[in-house]
Amino acid sequence: MTYKLFIPGPVAVSEKTLRAMAQPMIGHRSTDFIALYRALTPQLQALMGTRDSVYLATSSAWGVMEGALRNVAREKVLCCMNGAFSDKWLDVARRCGLEAAGLQFEWGQPVDPAALRAELAKGGYDAVTIIHNETSCGCMSDLPALAAVLREFPDVISIVDTVSSFSAVPIEKDALGLDIVLAGSQKALALPPGLTVLSVSKRALARAATSPTRGYYFDLVEFEKNHEGGMTPSTPVIPLIYALRSKLEDIAAEGIPARFARHARLNRTVRDWAFARGFQLFPREGFGSVTLNCFANTRGIDLPALNQKLKARGFVIDGGYGPLKGKTFRISNMGDETDETVAELLAALDAGLTGIKYTSH
Ligand SMILES: *Cc1c(COP(=O)(O)O)cnc(C)c1O
């Protein structure tokens, strides 16, 4: 049985994207590849708000999240934590042998700029990790406010995960002074998983060049050197790069502001639907994600039963991440969703909710 994913990654992939991937291979050092690679750069730069290079890494986001640390962290890393992915980043830093501290907030609370300033002011940090949009609990932190704090600490290199916000909301890497910004293919870009886009500031590259622990596969200096030649350091996942080209055509046709507006509108539609049915947003008010909604299961719905009924109608949503399983549910509005496809999902949800057991309300 096939069904359409409304989980917050991977999200549904269009027929056009699937067809774009099914093309003959080209050599990754060929002029055809160089032309393909170079054609992508301007639009990726526009989506990331940067004039720096944008690299293509063949791995899921975690590869680059780990690799970036090994390139720029020297003495001590500060990991801002407010959900499953940002919590994990502290663990990953320690597994890399780095000294790392966590700036912890409850899941669903945004990263607090004043707390970030107070912690960095203690000194000793040379890198910081931040997740813009904590997908696990649907919480979007105020990136411009956090970036303003980071600019007060010019020796601290920032690594910013925009995995589930890139291409859906404005990311102004250069204007905000962010150092490393990265995003995975299977979230708002609505491509299959396996490709990560990243951009790196000049000062982060300079830091990387002095790092003895940066390894090879995620060596940012290698990425920059190869980028100048229109290539990647190692053989990239060429089908996904075809898919990215196809997606960037779609984005150009829609227009970036219209794309941002569509995500905001669909997010609102889903939120209004849930509010009208007695659910509340899980994250703190004002910090709900624009690319997904994480609702508190305030009605005590039997979520696995709901998903079974949804699947029969051709859809699936997320029944809560890790410790939030059963307590929250998440609905993505990333990627190619439209007013029509969201309306179809909400109609299926309404049908599914009739006769479903709940424990409160
Ligand atoms: C999905 C996600 C990741 C992890 O991506 P992988 O593709 O599993 O490596 C990291 N950060 C955020 C915010 C995510 O949503």
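The surroundings of the ligand and the internal cavities of a predicted model are described here.

Around the ligand, the shell comprises 13 residues, and those that come nearest are Ser 60, Thr 135, Asp 161, Gln 186 and Lys 187. When the shell is sorted by class, six residues are nonpolar, five are polar and two are charged. Among the elements of secondary structure, helix H3, which spans residues 61-72, gives the most to this shell, with three residues.

Polar contacts to oxygen atoms of the ligand involve both backbone and side-chain atoms of the protein. For Trp 62, a backbone N or O atom lies 2.9 Å from an oxygen atom of the ligand. A backbone N or O atom of Ala 61 is placed 3.1 Å from an oxygen atom of the ligand. In the case of Gln 186, which is also listed with the residues that come nearest, the contact is made by a polar side-chain atom, at 2.7 Å from a ligand oxygen. The ligand taken alone exposes 390 Å², and 90% of that area is buried by the protein.

Empty space inside the protein was examined next. Rolling a probe the size of a water molecule over the atoms shows where empty space is left. Over the whole structure, the search finds two cavities of 30 Å³ or more.

The largest cavity holds about 50 Å³ of space. Its lining consists of Leu 56, Ala 57, Thr 58, Tyr 217, Phe 223, Thr 232, Pro 233, Ser 234 and Pro 236. Strand S2, residues 54-58, gives the most to this lining, with three residues. Six of the lining residues are nonpolar and three are polar, with no charged residue present.

In the second largest cavity there is about 30 Å³ of space. The residues that line this cavity are Ala 57, Val 64, Gly 67, Ala 68, Leu 198, Phe 218, Leu 220 and Phe 223. Two elements, H3 and helix H9 (220-228), give two or more residues to the lining. Of these, H3 gives the most, with three residues. By class, the lining of the second largest cavity has seven nonpolar residues, one polar residue and no charged residue.

Some residues and elements recur in these descriptions. Ala 57 and Phe 223 line the largest cavity and also appear in the lining of the second largest cavity. Helix H3 gives the most residues to the shell around the ligand and likewise to the lining of the second largest cavity.

Note on methods: Residues are numbered from 1 along each chain as its sequence is written. This is a predicted model: local features need pLDDT of at least 70, side-chain atom pairs count only at pLDDT 80 or more; totals for chains, interfaces and linings use all residues. Side-chain values use heavy atoms; hydrogens and water are left out. A residue is near a molecule or strand if one of its heavy atoms lies within 4 Å of it. A polar contact is a pair of N or O atoms within 3.5 Å; within protein, one must be able to donate a hydrogen and the other to accept it, and residues adjacent in sequence count only if both atoms are side-chain atoms. Accessible areas come from the Shrake-Rupley method with a 1.4 Å probe; for residues, only the protein chains shown count as cover. Helices (H or I, at least four residues) and strands (E, at least two) are DSSP runs, numbered from the N terminus. Ala, Val, Leu, Ile, Met, Phe, Trp, Tyr, Cys and Pro count as nonpolar, Asp, Glu, Lys and Arg as charged, and the others, Gly among them, as polar. On a 1 Å grid over the protein atoms alone, a cavity is a set of points where a 1.4 Å probe fits but cannot get out, and a pocket is an open set with protein on both sides within 12 Å along at least five of seven lines; lining residues have an atom within 4 Å of a point. Grid points are joined across faces, edges and corners, and a volume is the space filled by probe spheres set on the points.
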